[in-house]
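Here's a quick walk through one model, starting at the surface and working inward. Have a look at it first, then read on.

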Amino acid sequence: MRSFRSLVERQIAKAHAAGQLRGLKGEGVPLPDRPAEASEDAALSTGMRIMAEAGVLPAEFKLKKQLDAARQTYAKAADDEARKAAMRILADLELRYEIAREARRKFMS
């Protein structure tokens with residue numbers, strides 16, 4: 001592992017010296033804060049980031065956005081009937097979200 005890291009660092013230094021790292025997208029811009037990546041598998045995080053940058057979102061990401069919106073709807077519900085209806089939608093989305101996450105985990109392992 002150490003020799004691989006050394007090889008990578010030499011290749012980066014060589015490219016830097018040759019000026020091949022100038023003018024790249026995002027040059028001079030700080031890296032975005034991604035605290036979730038620190039706790040996840042590096043390969044999984046990288047794959048997810050690449051898909052997100054390409055505009056391809058896994059189903060669980062879309063469901064997560066819907067789930068967040070449904071939680072807000074539930075919180076703003078005025079009466080019991082509206083809360084019950086919002087809770088049904090919320091429960092359905094939570095189930096679908098967990099199924100999508102589990103499917104991804106099984107696929108990635």
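Let's start with the greasy bit on the outside: Phe-4, Leu-7, Val-8, Ile-12, Leu-21 and Leu-24 make up a nonpolar surface patch, and together they have about 520 Å² of accessible area. Such patches take residues with over 30% relative accessible area and no salt bridge, joining nonpolar side chains (Val, Leu, Ile, Met, Phe, Trp, Tyr) within 5 Å and like charges within 9 Å. The areas themselves are Shrake-Rupley values with a 1.4 Å probe, and for residues only the protein chains shown count as cover. One of the patch members, Phe-4, sits in helix α1 (residues 2-17). Helices here are DSSP runs of H or I with at least four residues, strands are E runs of at least two, and numbering goes from the N terminus. Phe-4 counts as exposed because its relative accessibility is 55%; the cut-offs are over 50% for exposed, under 20% for buried, and partly exposed in between (1.4 Å probe, protein chains only).

Before going further, some housekeeping. This is a predicted model, where local features need pLDDT of at least 70 and side-chain atom pairs count only at pLDDT 80 or more, while totals for chains, interfaces and linings use all residues. Residues are numbered from 1 along each chain as its sequence is written, and side-chain values use heavy atoms, leaving out hydrogens and water.

How confident is the predictor? The protein's mean pLDDT (the predictor's confidence in each residue, from 0 to 100) is 84, with 93% of residues at 70 or more. Confidence bottoms out in helix α2 (residues 35-39), at a mean of 58, and peaks in α4, at 91.

Now for the charges. Searching the whole structure turns up six salt bridges, each being a side-chain nitrogen of Lys or Arg within 4 Å of a carboxyl oxygen of Asp or Glu. Lys-64, Asp-68, Arg-71 and Glu-94 are linked in a network of them:

| Salt bridge | N to O distance |
|---|---|
| Asp-68 and Lys-64 | 3.4 Å |
| Arg-71 and Asp-68 | 3.6 Å |
| Glu-94 and Arg-71 | 3.4 Å |

The Glu-94 and Arg-71 pair ties together distant parts of the chain, with Glu-94 in helix α5, Arg-71 in helix α4, and their positions 23 residues apart. Asp-68 and Lys-64 both belong to helix α4, four residues apart, or about one turn of the helix. Arg-71 and Asp-68 are about one helical turn apart because they are three residues apart in helix α4. Asp-68 is partly exposed, at a relative accessible area of 33%, and Arg-71 is partly exposed too, at 36%.

Next, helix α5 (residues 80-108). Its 29 residues should span 42 Å at 1.5 Å a residue, and the end C-alpha atoms are 41 Å apart, so the two agree; the expected span is 1.5 Å times one less than the number of residues. Ala-86, Leu-90, Leu-93, Tyr-97, Ala-100 and Arg-104 are buried in α5, and the buried residues of α5 pack against α3 (42-53) and α4.

Is Glu-60 buried or exposed? Glu-60, in helix α4 (residues 59-76), counts as buried because its relative accessible area is 6%. Leaving aside residues up to four places away in sequence, Glu-60 touches Met-48, Tyr-97, Ala-100, Arg-101 and Arg-104, where contact means heavy atoms within 4.5 Å.
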